[in-house]
Amino acid sequence: MSYLIINADDFGVSSGVNAAIIKAHEEGILTSTSLMVSGDAAQEAIALAKNHPDLAVGLHLVLVCGKSVLPPAKIPHLVDSQGNFSNDPTQAGLSYQFNQATRAELRLEIYAQLEKFRDSGLNLAHVDGHLHLHVHPVILNILTEFAPEFQIKFIRLPSEELTKNLKIDKRNLLIKIIWSIVFGQLRRYGEGLLKANQIKFANRVYGLLQTGDMSEKYLLGLIPQIEAELVEIYSHPDLVNTDINNGGEVELAALLSQQVREMLTVKGFKLSNYNQLI
């Protein structure tokens with residue numbers, strides 16, 4: 001039996017995303033979601049989660065392309081005067097690696113986001129991050145340090161095979177090759193660190209190489225190729241396509257697809273979430 005977690009990122013970013021996630025959970029195959037505690041609709045998301053106890057909720061750590069929890073005066077090297085992080089993940093990653101003042105403020109903000117999640121009263125199922133910045137070695141080390149206090153039991157480490165993706169969709173080849181190399185190295189580092197700290201992670205995590213287009217067609221091509229005991233597939237469903245999430249409608253349709261559900265049954269996957277695996 002292979003266990004499959006179907007996760008939706010960006011819970012709390014907007015009412016539309018919240019509604020799409022709940023719809024995919026109630027009517028589709030969605031078992032899990034990741035909450036942006038600083039999102040504009042975070043309080044609504046928390047209330048919805050409490051009304052859907054079978055939906056596992058983790059923290060979607062936001063350290064790029066979003067707002068901070070702490071006021072700008074406390075973390076001036078991290079955010080602008082309005083509390084916005086950089087919109088450039090490469091620039092942010094370099095700053096987090098080499099700027100000592102920024103690294104000190106990172107600890108404060110990561111702690112604050114974990115604390116805000118804890119204050120919600122929800123059980124912390126897992127931790128992942130917006131644009132996967134949580135796998136940055138500096139950030140991942142901070143998370144492992146805080147893991148005992150906040151009972152972090154699972155952290156997402158992206159891991160998918162380029163060959164499997166390209167069998168279905170050969171677009172954006174150069175970007176996919178670069179991401180496979182970069183995130184492959186980060187995965188190897190992360191595995192050693194998490195194992196040393198008794199933090200668990202899925203064998204395979206799919207979504208990075210097909211971000212914005214986790215369609216029904218793609219899932220029907222991917223699922224028969226998966227060979228792992230614990231798998232996470234994540235996407236970004238929305239009720240309507242937006243500038244930020246231009247594939248939201250397609251990804252919601254995939255999560256509601258009866259064909260995808262039937263394929264999971266045929267291939268022997270059991271839908272689960274990180275709460276059920278503890």
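## The enclosed space

Which element gives the largest share of the lining of the largest cavity? That would be H9, with 3 residues. Keep in mind that we're looking at a predicted model here.

A search of the whole structure turns up 1 cavity of 30 Å³ or more, and its volume comes to about 40 Å³. Going around its walls, you'll meet Ile-6, Met-214, Leu-219, Ile-233, Ser-235, Glu-251, Ala-254 and Leu-255.

## What the cavity walls are made of

Helix H9, which runs over 248-256, isn't alone in putting at least two residues into this lining: strand E6 (230-235) does so too. By class, the cavity lining has 6 nonpolar residues, plus 1 polar and 1 charged.

## The open space

Now for the pockets. The largest pocket has a volume of about 1,300 Å³. Its lining takes in 46 residues, and if you want to find the centre, look for Cys-65, Pro-89, His-130, Leu-131 and His-132, the closest of the lining residues to that point.

Three stretches are worth pulling up on screen: strand E1 (2-11), helix H3 (89-98) and helix H7 (173-196) are the elements that each give two or more residues to the pocket lining.

## What the pocket walls are made of

How do the residues of the pocket lining divide by class? There are 20 nonpolar and 21 polar residues, with 5 charged ones making up the rest.

Definitions and conventions: Residues are numbered from 1 along each chain as its sequence is written. This is a predicted model: local features need pLDDT of at least 70, side-chain atom pairs count only at pLDDT 80 or more; totals for chains, interfaces and linings use all residues. Side-chain values use heavy atoms; hydrogens and water are left out. On a 1 Å grid over the protein atoms alone, a cavity is a set of points where a 1.4 Å probe fits but cannot get out, and a pocket is an open set with protein on both sides within 12 Å along at least five of seven lines; lining residues have an atom within 4 Å of a point. Grid points are joined across faces, edges and corners, and a volume is the space filled by probe spheres set on the points. Helices (H or I, at least four residues) and strands (E, at least two) are DSSP runs, numbered from the N terminus. Ala, Val, Leu, Ile, Met, Phe, Trp, Tyr, Cys and Pro count as nonpolar, Asp, Glu, Lys and Arg as charged, and the others, Gly among them, as polar.
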